[in-house]
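Biologist: I would like to learn how the words for a protein model are earned. Could you take me through them one at a time?

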Amino acid sequence: MVEPPHADPTHDVVVVGGGITGLSTAFYLVRRGLRVAVLEEASEAGGVIRSTGGEGWLFELGPNTVMARGDLKQLITDLRLEADLIESNPAARRRFVFQRGRLVELPSRPLGLLRTPLFPLSAKLRLLREPWVRPLETGNDESEAGADGDESIADFVRRRVGKPWLDYAVGPFTSGVYAGDPERLSTRWAMSKVWTLERRFGSLLRGVWASRRSGASRGRMISFPTGLQHLPRALAASLPDLQLESRVETIESQAGIFQVRGAGFSVSAPQLVVTTPAGATGRLLDLISRGRSRTLAELPQASLAVVSLGYRRDRVAHPLDGFGFLAPRCEPLRILGCLFPSSVFPGRAPAGRVALSVFLGGRLDPEVLNQSDADLLAVVERDLEVALGTRGDPERAEVTRWQPAIPQYELGHQRFVETVRSLEE
């Protein structure tokens, strides 16, 4: 039944989407005394934060770790979850890169960049010259950044420190964070802190040194004994009106009231929060934005496959003494990288076993997701044999596909930012 325009709203705020953004937004609005309805189409809230396992195994199918700092730290405090936290193993600070058939540790300190075998002497000397590389001026010339200061990550790194640093440091980093293509990702939007360092200090090295002197903290890398999904589950339990399996089909605005409808339900409120992925948001807001929201459907996305594996400890030659490794695109491995969950947190694998999480796909290899689960496992097992010295079949293997998975902040991303601002107004 359609309510008349003059009907009283059923809530103060309606939140569409029950991922971490929608849940945390609703949590703080409820704390302010507002009547909030959260509508989520899945059978469980939490979005891409999913923890799974059994028989002593625990795998993360979405994000594996988070840093307890800033707003997230405050959220954990407000939910009274501090006692539930577990911190990462100190060895997890070690990160590796695959290079010429072996794993090489990434330096964790600036001086380590001059000692690492990852880069030739010429690349290290080029790094020392970085403070004297002039910042890129904003302009319209092809050799300069665009009018909005946009420049690809690849161009930015080659300009400031050279190609080897792109191949074996920044390129793998963008694969690990965005599963993205550094030739297309925007420095301004995908690496905003780095972009700001150049503009503020004229140099990355000077900016990093100033940040270290200021004592800026990275925070603690944390999780929970039952996995990261403990956080959205705690948020969901705190909300008085969370409606699961409620797929929103239309949103209309009548007399200053938003009418949000789906099969078998209708919710109305004077305030609306939409936290769905960009494509869904563009579709849902099409009517009330008079088509302006359709731009959001054009936001690039990277699809990803996560392969969760369990091995006997004696079937893996590498000591797994770190967080994991990344595979540069210039190396022969097809996987993007592999994490060592059982080395990072306790309770991720039974005694005498190790847990591995492997990632494939992304913007540079979307075709790999067209393969069957069996073929994906074959690719992963072949690459891990080369990188980690694994032997034999894993005791546990599970393939999860995220299509799409990660929004891409590519060149020209400014137009999506402006679209969002316009819709909010």
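Modeller: Gladly! Let's start with β15 and β18, which run antiparallel and are joined by nine bridges. This is a predicted model, where local features need pLDDT of at least 70, side-chain atom pairs count only at pLDDT 80 or more, and totals for chains, interfaces and linings use all residues. Residues are numbered from 1 along each chain as its sequence is written, and side-chain values use heavy atoms, with hydrogens and water left out.

Biologist: What makes β15 and β18 a pair?

Modeller: Two strands pair if DSSP finds at least two bridges between them. Here nine bridges join β15 to β18, so they pair. In this pairing, V307 stands opposite V358 in β18. Strands themselves are DSSP runs of E with at least two residues, helices are runs of H or I with at least four, and both are numbered from the N terminus.

Biologist: Which strand pairs with β15 over nine bridges in the antiparallel sense, besides β18?

Modeller: That is β19, residues 396-407. Within β19, P407 is the bridge partner of Q301.

Biologist: Why is β15 called largely enclosed?

Modeller: Buried means under 20% relative accessible area, exposed means over 50%, and partly exposed is in between (1.4 Å probe, protein chains only). Nine of the 12 residues of β15 are buried, so the rest of the structure largely encloses this strand.

Biologist: How do you know that β12 is covered on both faces?

Modeller: On one side I257, Q259 and R261 are buried, and on the other F258, V260 and G262 are buried too. That fits the count for β12 (residues 257-262), where six of six residues are buried. Strand β12 pairs in the antiparallel sense with β11 (residues 248-254) over six bridges, and with β13 (residues 265-269) over five. T250 stands opposite R261, while V260 stands opposite V267. Each pairing is also a hairpin with two residues between the strands: the turn from β11 to β12 includes A255, with a positive phi of about 55 degrees, and the turn from β12 to β13 includes G264, with a positive phi of about 85 degrees.

Biologist: What makes a group of residues a nonpolar core?

Modeller: It is a set of buried Ala, Val, Leu, Ile, Met, Phe, Trp, Tyr and Cys residues joined through side-chain atoms within 4.5 Å. The largest one here has 29 residues, and L309, F325 and L384 are among those with the most contacts inside it. Helix α12 (373-388) is one of the elements that give two or more residues to this core, and α12 gives the most, with seven. In soluble globular proteins, nonpolar side chains tend to be buried together.

Biologist: Why are C330 and C338 not called a disulfide?

Modeller: A disulfide is a pair of cysteine sulfur atoms within 2.5 Å. The sulfur of C338 is 18 Å from the closest cysteine sulfur, in C330, so they are too far apart for a bond. The structure holds zero disulfides. Set against the burial cut-offs, C338 at 1% counts as buried, whereas C330 at 45% is partly exposed.

Biologist: Thanks! Which elements give two or more residues to the core, besides α12?

Modeller: They are β7 (95-99), β15 (301-312) and β18 (353-361). So β15 and β18, the pair we began with, both belong on that list.
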